[in-house]
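Student: I'd like to learn how to read aromatic rings in a protein model. Can you walk me through it?

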Number of protein chains: 2
Amino acid sequence: MSTRNWILSAGVLGLVAIAGSAAAEQPSLPGALAHFERPDSIPSPAENAHTPERELLGKSLFFDPRLSGSGWISCASCHNPTLSYGDGLALGIGDGMETLGRRTPTVLNLAWSTSMFWDGRAASLEEQALGPIQAEGEMNLSLEELESRILDIPAYAPLFEAAYPGEAIDREQIARAIAVFERTLVSGEAPFDRWVKGDEDALSPQAKHGFEVFMDSGCATCHSGWRLSDDGFYDIGVAGEDPGRGAIIPVSSVQYAFKTPTLREVSRRGPYMHDGSLETLEEVVDFYDRGGDAGRPNQSEHVKPLGLSADEKAALVSFMESLTGPAPQIQLPELPR
Amino acid sequence: MSTRNWILSAGVLGLVAIAGSAAAEQPSLPGALAHFERPDSIPSPAENAHTPERELLGKSLFFDPRLSGSGWISCASCHNPTLSYGDGLALGIGDGMETLGRRTPTVLNLAWSTSMFWDGRAASLEEQALGPIQAEGEMNLSLEELESRILDIPAYAPLFEAAYPGEAIDREQIARAIAVFERTLVSGEAPFDRWVKGDEDALSPQAKHGFEVFMDSGCATCHSGWRLSDDGFYDIGVAGEDPGRGAIIPVSSVQYAFKTPTLREVSRRGPYMHDGSLETLEEVVDFYDRGGDAGRPNQSEHVKPLGLSADEKAALVSFMESLTGPAPQIQLPELPR
């Protein structure tokens with residue numbers, strides 16, 4: 001690992017290159033680390049801007065199991081606040097308790113995301129929200145039934161009126177409100193964030209070394225920005241037949257490609273990969289170190305054998321562990337009855 | 001409805017009888033209303049006393065879906081904080097999503113309860129806690145597997161050590177911790193509580209009239225005390241073949257008998273009865289007004305046709321609605337990973 005490699009990686013990221021090993025140890029902002037700085041505010045689209053009333057409505061809908069065919073499964077059943085808004089399972093589960101084809105992604109930090117689902121088939125949270133509700137193996141409720149159920153709960157009406165005055169109580173406002181709530185779900189300040197802001201004591205020497213390895217090895221090419229995700233789609237060489245993004249766009253370069261997941265809270269969100277096939281961060285590092293498993297021709301050029309030492313592997317894990325902060329605290333809603 | 005009847009009802013409850021209609025409208029404490037006064041503190045058994053460490057461990061276990069065979073169902077899946085710690089369904093649901101035989105009871109206010117489950121087959125929360133975990137149609141996890149799963153999560157070890165120093169991490173401490181957490185779940189102060197404490201404006205005239213009907217009609221014979229439950233078992237005439245308490249004790253008087261449910265938060269906890277067969281409080285009042293449906297010989301003597309007027313029925317519902325307060329606020333745990 002050399003400082004020069006890191007500067008090159010920073011160049012790949014479009015960052016201002018920095019020089020000198022002292023600077024490499026802790027560059028001042030703006031510099032390479034500025035690229036990883038937490039934002040101060042949550043973006044909110046003009047066509048569905050955040051209001052407290054929309055957030056409350058969306059939170060109620062997010063936690064409401066009546067949004068499922070069984071009346072027992074809510075968005076929060078799989079995007080579980082106690083498990084960093086994932087479910088901790090290798091593969092998702094839902095209506096009928098059939099195992100799904102992919103791992104449940106966290107909904108943390110999606111306010112900044114430009115595509116939703118592992119395959120990016122939705123371009124916004126508004127577009128995403130109704131998908132799992134309708135999916136037979138997830139919440140299994142038709143949108144017609146969804147609307148009639150919500151209309152049948154009189155206490156929802158004032159929440160909708162406060163959130164979207166004059167608008168119909170229908171699938172559109174349901175999706176919009178859920179999206180507004182989901183945008184409020186942001187992972188807490190992690191040790192890495194404090195280090196980025198200049199607190200040298202926030203990270204162990206091993207975690208700092210891990211960050212160097214992360215930069216030098218090309219991890220940050222895709223796991224970029226403060227969320228450690230570029231929202232891009234890559235075939236990283238996970239074995240299996242799932243075409244991922246390839247099923248959405250008939251382009252060979254995205255066959256077997258999946259969205260770069262955020263690494264925020266990653267140490268609390270195992271198992272890993274889109275199929276949950278790797279149990280620990282150590283296994284994930286080994287996977288990348290050997291250049292993936294699938295050996296397909298269009299595998300991302302960023303996934304090549306790395307030849308990391310045991311120390312470097314351990315340092316990478318230590319760095320990833322520094323990306324976990326306190327979960328966002330929420331006050332659970334009392335659902336309209 | 002006469003004041004004299006109410007005094008007789010109060011006598012049945014073992015209360016100090018009060019005289020005069022003015023006193024009946026708002027007796028001073030101590031008097032009939034003292035019987036309904038909220039307690040100041042939560043009882044805690046000496047052999048498993050409350051500590052913050054035990055509460056945190058118990059809360060973590062309560063919300064942890066790894067306590068189920070599927071890894072997807074936690075205690076909170078059915079005892080859902082957003083639905084007053086019930087599930088809002090007529091009949092429970094669980095592993096395999098098979099419908100269960102009875103409605104999910106709330107776990108609110110069980111610190112004061114002397115028997116658990118609809119049929120009282122557990123005498124304490126400690127004894128109750130492991131039942132749903134093992135039940136095939138609920139969480140479906142053997143106690144052996146439960147223990148090995150918890151032991152496999154290293155981050156649980158310090159929580160157990162803090163909660164029960166020197167004790168084994170096993171089913172016993174798991175059950176004890178869950179019980180400690182559940183005892184902290186107490187329904188919030190309701191309008192009725194403020195009225196009991198002397199705030200005349202806390203209840204509408206209709207709700208106050210409903211309380212008179214409640215006392216006069218014998219409802220408070222079983223729905224007694226601040227929780228509005230005596231923890232007794234009665235056949236109230238719900239049709240069906242479920243023997244209830246009769247399956248636990250071979251005594252004819254408890255055939256088809258079920259535990260008196262608390263009426264706290266009742267307006268938020270429909271549908272009603274042990275089998276969820278009645279959707280609204282209005283239907284419940286009609287049910288009692290006609291003296292139940294089953295017409296079995298050992299039906300409780302307290303369930304006789306009441307001959308209530310439409311006003312009295314509406315007043316009863318209004319009174320029951322006054323028993324709902326704010327849900328207890330809890331900070332969701334971040335589960336050990």
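Tutor: Sure. One term up front: a residue counts as buried when its relative accessible area is under 20%. And keep in mind that this is a predicted model.

Student: How many aromatic pairs are there over all chains?

Tutor: Searching the whole structure turns up 33 aromatic pairs.

Student: And how do I describe a pair?

Tutor: You describe a pair of aromatic rings by the distance of the centres and the angle of the planes. Take B:Trp112 and B:Trp226: the ring centres are 4.8 Å apart and the planes are at 80 degrees, so this pair is edge-to-face, since anything over 60 counts that way.

Student: Where in the chain do B:Trp112 and B:Trp226 lie?

Tutor: In distant parts, 114 residues apart. B:Trp112 is in the loop between helix H4 (75-78) and helix H5 (125-128) of chain B, while B:Trp226 is in the loop between helix H12 (219-222) and strand S1 (233-234).

Student: Are B:Trp112 and B:Trp226 buried or exposed?

Tutor: B:Trp112 and B:Trp226 are both buried. Now try B:Phe214 and B:Phe319: with 4.7 Å from centre to centre and 50 degrees between the planes, that pair is tilted. B:Phe214 belongs to helix H11 (residues 205-216) and B:Phe319 to helix H14 (residues 310-321) of chain B. These two Phe residues, B:Phe214 and B:Phe319, are buried.

Student: Which residues form an aromatic cluster in chain A?

Tutor: A:Phe36, A:Phe192, A:Trp195, A:Phe211, A:Phe214 and A:Phe319 make up one cluster.

Student: What sits over the ring of A:Tyr256?

Tutor: The charged end of A:Arg296, 4.1 Å from the ring centre. In chain B, the charged end of B:Arg245 sits over the ring of B:Phe233, 4.2 Å from its centre.

Technical notes. Residues are numbered from 1 along each chain as its sequence is written. Chains are lettered from A and ligands numbered from 1 in the order in which they are written. This is a predicted model: local features need pLDDT of at least 70, side-chain atom pairs count only at pLDDT 80 or more; totals for chains, interfaces and linings use all residues. Side-chain values use heavy atoms; hydrogens and water are left out. Rings of Phe, Tyr and Trp (its six-membered ring) pair if their centres lie within 6.5 Å; planes under 30 degrees apart count as stacked, over 60 as edge-to-face and the rest as tilted. Helices (H or I, at least four residues) and strands (E, at least two) are DSSP runs, numbered from the N terminus. Buried means under 20% relative accessible area, exposed over 50%, partly exposed in between (1.4 Å probe, protein chains only). A charge sits over a ring if NZ of Lys or CZ of Arg is within 6 Å of the ring centre and within 35 degrees of the ring normal.
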